[in-house]
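Reader: I should be grateful for a close look at a single part of this model, set in the context of the whole. Please treat the elements that surround that part as well.

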Amino acid sequence: MTPLPKVMLAPNGARLTKADHPALPMTPVEILDTALACQDLGVDGLHLHMRDQDGKHLLDADAYADALNMFRSEMPGFPVQITTEAVGIYDPKHQRHIALNSGADMVSASVRELCREDHAVTRAFYKDCEQRGIAVQHILYDVEDAELLTRVLDDKLLTSAHLQLIFVLGRYAVGQKSNPEELNPFLVWLKKAGLTPDWAVCAFGQNETPALIRAVQEGGKCRIGFENSRQNTDGSLAKNNEERVAELIRACAEIN
C-alpha cells in the first residue's frame, strides 16, 4: 500500500469556484501547475477533486483515469489520492465504482457516506480495495464516525499497519472555523481502541495551520490547501495554495 504523504495538497475541493478565489485551480492542467509549484515547497502528495465542464463536482472513472495518467507522466512517483466525496450527488454504489475502476491506488472515502447502504456491502468493499492494493483513507468527521468504522471494518484491516485515517476538524463548527483542541477526542479514541494507524488531519478556516501543527506534534500528517482554507493564520487572504503551503512548511520547520 502507498503510505500517506507527510504533506498532502488539497487545492480545490468539491464546492468552491473561482468566484470564491480567482487562484482556485479547477481544470486538471491548473491542478497540475499548482501541484508542481507546491511540490517545490515541500508537498509530497495530492488529494484530487475533478470538475465537469460547468465547474461542478465530478466523480467519473474515465476523467479520473485521464488525470491520473497525466500526473504519472508529468510527476512520476508523486502520490495522487482521488476523492469519492458524494456532495449530495452520488450514491454509495457509484462511490464504490469510482474507487475500484479509476486506476487509482489511493482513495479518500467517508465511512459515514458509504454506510448509507448495507454495512455488509461496505465491509466487502473495503476488503476488495485491500485485495487490489488500493489504500483507502477513511474520512472521520467525529468520534461517532470513528466508532462506526470499528463496527464496519474487518478486524484484520482495522488493526493493519496500512490503516489510513483523516480526522476532519471544523467542518461542522460555527463558521467552519477549526480549533486544534478538536483533535483531542480522536486521540483519546485511538488510545482507547489501541490503534496505531497512518493518520492525518485537515482543518477548516483560519486555524488550519495551528491545527495541522498540532497534528504533527502528535505524530500525524497534514492535508492542506484551498479545499479547507483560503486564510492564513493572521486572517489575511492567501494569494494562492502555495502561500498556504509555505506557511505550514515554515511552521513545521520551527518545531523540528
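**A helix and its surroundings**

Author: Among the contacts in the protein with a separation of 6 or more, 71% join residues 24 or more positions apart. The model is a predicted one, and its secondary structure consists of 10 helices and 10 strands. The radius of gyration is 17 Å, close to the 18 Å that the globule rule gives for 256 residues, so the protein is as compact as a globular protein of that length. Along the principal axes, the C-alpha atoms fill a box of roughly 45 × 40 × 35 Å. Of the 256 residues, 55% are buried. The protein exposes about 11,200 Å², of which carbon and sulfur atoms supply 49%. As for charge, there are 26 positive and 36 negative charges, and their mean positions lie 4 Å apart.

The part chosen for the close look is helix H9, residues 208-217. Because 7 of its 10 residues are buried, H9 is largely enclosed by the rest of the structure. The buried residues are Glu208, Thr209, Ala211, Leu212, Ile213, Arg214 and Ala215. What covers them includes three strands, S8 (164-169), S9 (198-203) and S10, together with helices H8 (184-193) and H10.

Arg214 merits separate attention within this helix. Arg214 belongs to H9 and has a relative accessible area of 15%; a residue is counted as buried under 20%, so Arg214 is buried. Leaving aside residues up to four places away in sequence, Arg214 touches Pro180, Glu181, Leu183, Asn184 and Leu187. Two of these, Asn184 and Leu187, fall within the range of H8, residues 184-193.

The chain beyond the helix comes next. Gly219, just after H9, takes a positive phi of about 95°. Strand S10 (221-224) includes Lys221. With residues up to four places away in sequence not counted, Lys221 touches Leu4, Pro5, Lys6, Asp198, Trp199, Ala200, Val201 and Ala215. Ala215 is one of the buried residues of H9, and this contact with Lys221 accords with S10 being among the elements that cover the helix. Lys221 and Ala200 are 21 residues apart in sequence, yet their C-alpha atoms are 4.2 Å apart in space.

Helix H10, residues 241-255, also belongs to this setting. At 1.5 Å a residue, its 15 residues should span 21 Å, and the end C-alpha atoms are 22 Å apart, which agrees. The buried residues of H10 are Asn241, Arg244, Val245, Ala246, Glu247, Leu248, Ala251 and Cys252. An α-helix has 3.6 residues a turn, so residues three or four places apart point the same way. Cover for the buried residues of H10 includes strand S1 (7-9), helix H1 (28-41), H9 and S10. H9 thus helps to cover H10, while H10 is likewise among the elements covering H9.

Two loop residues complete the account. Pro22 is placed in the loop between S1 and H1 and, at 67% relative accessibility, counts as exposed. The C-alpha atoms of Pro22 and Lys239 are separated by 9.1 Å, although the two residues are 217 residues apart along the chain. Val87 occupies the loop between strand S5 (80-83) and helix H3 (92-101), and its relative accessible area of 18% makes it buried. Most residues other than glycine have a negative phi. The phi of Val87, by contrast, is positive, near 55°.

Definitions and conventions:
Residues numbered from 1 in each chain as written. Predicted model: local features only at pLDDT ≥ 70, side-chain atom pairs only at ≥ 80, totals over all residues. Heavy atoms only, no water. Helix = DSSP H or I, 4+ residues; strand = E, 2+ residues; numbered from the N terminus. Rg over C-alpha atoms; globule rule 2.2 N^0.38 Å. Buried < 20%, exposed > 50% of the residue type's maximum accessible area, 1.4 Å probe, protein only. Contact = heavy atoms within 4.5 Å. Areas by Shrake-Rupley, 256 points an atom, 1.4 Å probe, with all protein chains shown as cover. Lys, Arg positive; Asp, Glu negative; His and termini not counted. Charge placed at Lys NZ, Arg CZ, Asp CG, Glu CD. Expected span 1.5 Å × (residues − 1).
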